[in-house]
Amino acid sequence: MIWKGALVSMGSGRRPERVAVIGVGVLGASVGWNLSRQGAEVVLIDARRPGEGVTNGSFAWVNASNKTVRKSYFDLNVAGMAAHRELATAIGPDSWWYPSGHLRWADDPAAATELLATAEMLASWGYRVEVLTGAEARRLEPALVMPGEVPVVWYPDEAWVHGRHLVGRLVDQAVAAGAGLRSGCAVRDIITGTDGGVRTVVLSDGTRLDVDIVVNAAGPSASEVAALVARQLPMRREPGVVTRVDCAPAPIGRVMHAPRIEIRPDGDASVVLHSREIDALIDTGEEVSELARMLHESARNVVPELGDSHIAETRVANRPIPADGFPSVGVVPSVPGYYEAVSHSGITLGPVIGRLLATEIVSGKTDAMLADFRPERFAVPADG
Ligand SMILES: Cc1cc2nc3c(=O)[nH]c(=O)nc-3n(C[C@H](O)[C@H](O)[C@H](O)COP(=O)(O)OP(=O)(O)OC[C@H]3O[C@@H](n4cnc5c(N)ncnc54)[C@H](O)[C@@H]3O)c2cc1C
């Protein structure tokens, strides 16, 4: 392969830095797009076609209201929402960016009280939220069935994203800016030099690419790619199931969390369904078609207009979650030139992680926003 990028300023001086991004889902595409804009020599490598991993099997809700477990994680997700808005301005929003807000309600008093308490805390953190009545929510979404007096939490700044279309746009622009693209080629090996730093990436077709830097953005396969440089990246197993239902026209216009079912539009003639309760059945051996049927039934209870709709596609995907539940982003100091971009909530976080990591690679400067999410927290002790 011929490298044809520009010179990048790296810490001590100027020399060509050749970066291989391994995995082109929302995270790899975001890192690659930002790197190519900053003049780095980039090659994007994916075992399949870009955007066809978890990014294409995601509920794809852009939010921070569900990320309150740690304030720094909430802040990163808020930055993710802002980065999406900036990206929509930079690359154009059509076909991937749907900033239509999010409705959430519960049907038992304890869960409703919890939703309201979370909303109050989020408001105190400066997050935009309103509490509507069911009747007011139905003015936004007339197809919903819910009691008129139930409290409905409304997050106007939240959104959903068409992940595969977003990845396609980022990859097209990165390639137009000079990035290379190798799709249908898995990375089989990463060869390191005597100093332990990355030197060469070996692809499944036998191609060898000499590189200075690799970015592990391999989603649920990230621990296998990490193992190629003898790094242990512990990950959780947390599969999820998402079903797309065809219905013309789509009876709802925004993301919503109803009791036991999450629904969002997917273009004008489909909706996408997800439920944490149904995810919990994946490992019980239940047929995927039965999981899809249950999702469809729950959705029809909330949106009766989905009665005539039919299930078009169901995907089961593993969430790419490092073992402690938080992202792993940045350089791994023990392997010079090896970086990670691995995260759940990657749809929300992709654009901000892409920007921060590209800046770290090009300038050597780490951003304080990533302080709690550095890869070295998973370093194996010397005697381990
Ligand atoms: C059911 C479900 C619901 C979700 N809902 C949301 C949500 O509402 N909001 C949200 O923000 N996030 C959500 N997520 C999480 C989000 O979808 C993921 O965090 C995000 O898509 C991860 O993107 P990625 O680029 O890391 O991974 P992927 O999209 O999987 O991309 C990784 C790529 O790496 C490639 N690859 C793997 N190994 C190799 C190799 N050796 N060589 C070359 N290429 C390789 C794969 O082919 C793949 O294309 C959800 C996930 C699931 C499963």
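A backbone N or O atom of V54 sits 2.9 Å from an oxygen atom of the ligand, and that's a handy place to start with this predicted model. From the ligand we'll move to helix α5 (residues 163-176), which packs with α1 and also crosses α2. Last up is S72, a residue of α2.

**Around the ligand**

- The ligand has 39 residues around it, and the ones that come nearest are D46, T55, V187, G346 and T348.
- V54 isn't alone in putting backbone by a ligand oxygen: for V26, a backbone N or O atom lies 3.1 Å from an oxygen atom of the ligand.
- G25 has a backbone N or O atom 3.5 Å from a ligand oxygen atom.
- V26 does double duty, since that residue has the 3.1 Å backbone approach to the ligand and also belongs to helix α1 (residues 26-37).

**Helix α1 against α5**

- The axes of α1 and α5 are 9 Å apart, and the two helices pack at an angle of about 30°.
- Angles under 35 degrees count as roughly parallel, so α1 and α5 get that label.
- The crossing of α1 past α5 is left-handed.
- On the α1 side, the contact uses V26, A29, S30, G32, W33 and S36, while α5 brings L166, V167, L170, V171, Q173 and A174.
- Sort that contact by class and you get 8 nonpolar residues, 4 polar ones and no charged ones.

**Helix α2 against α5**

- Helix α2 (residues 71-91) crosses α5 at roughly 55°, with the axes coming within 12 Å.
- That angle makes α2 and α5 oblique to each other.
- Here too the crossing is left-handed, with α2 passing α5.
- The residues that meet are H84, L87 and I91 from α2 and L166, R169, L170 and Q173 from α5.
- This contact breaks down into 4 nonpolar, 2 polar and 1 charged.
- L166, L170 and Q173 of α5 turn up in the contact with α1 and again in the one with α2.

**S72, back on α2**

- Leaving aside residues up to four places away in sequence, S72 touches D372 and F373.
- With D372, the link is a side-chain to side-chain polar contact of 2.5 Å.
- If you're after a long-range pair, S72 and R254 are 182 residues apart in sequence, and their C-alpha atoms are 27 Å apart in space.

Note on methods:
Residues numbered from 1 in each chain as written. Predicted model: local features only at pLDDT ≥ 70, side-chain atom pairs only at ≥ 80, totals over all residues. Heavy atoms only, no water. Axes fitted to C-alpha atoms, helices over the stretch in contact; angles between N-to-C directions. Helix = DSSP H or I, 4+ residues; strand = E, 2+ residues; numbered from the N terminus. Parallel < 35°, antiparallel > 145°, perpendicular 65-115°, else oblique. Left-handed = near helix turned anticlockwise from the far one by under 90°. Contact = heavy atoms within 4.5 Å. Nonpolar A, V, L, I, M, F, W, Y, C, P; charged D, E, K, R; others polar. Near = heavy atom within 4 Å. Polar contact = N/O pair within 3.5 Å; in protein donor to acceptor, adjacent residues only side chain to side chain.
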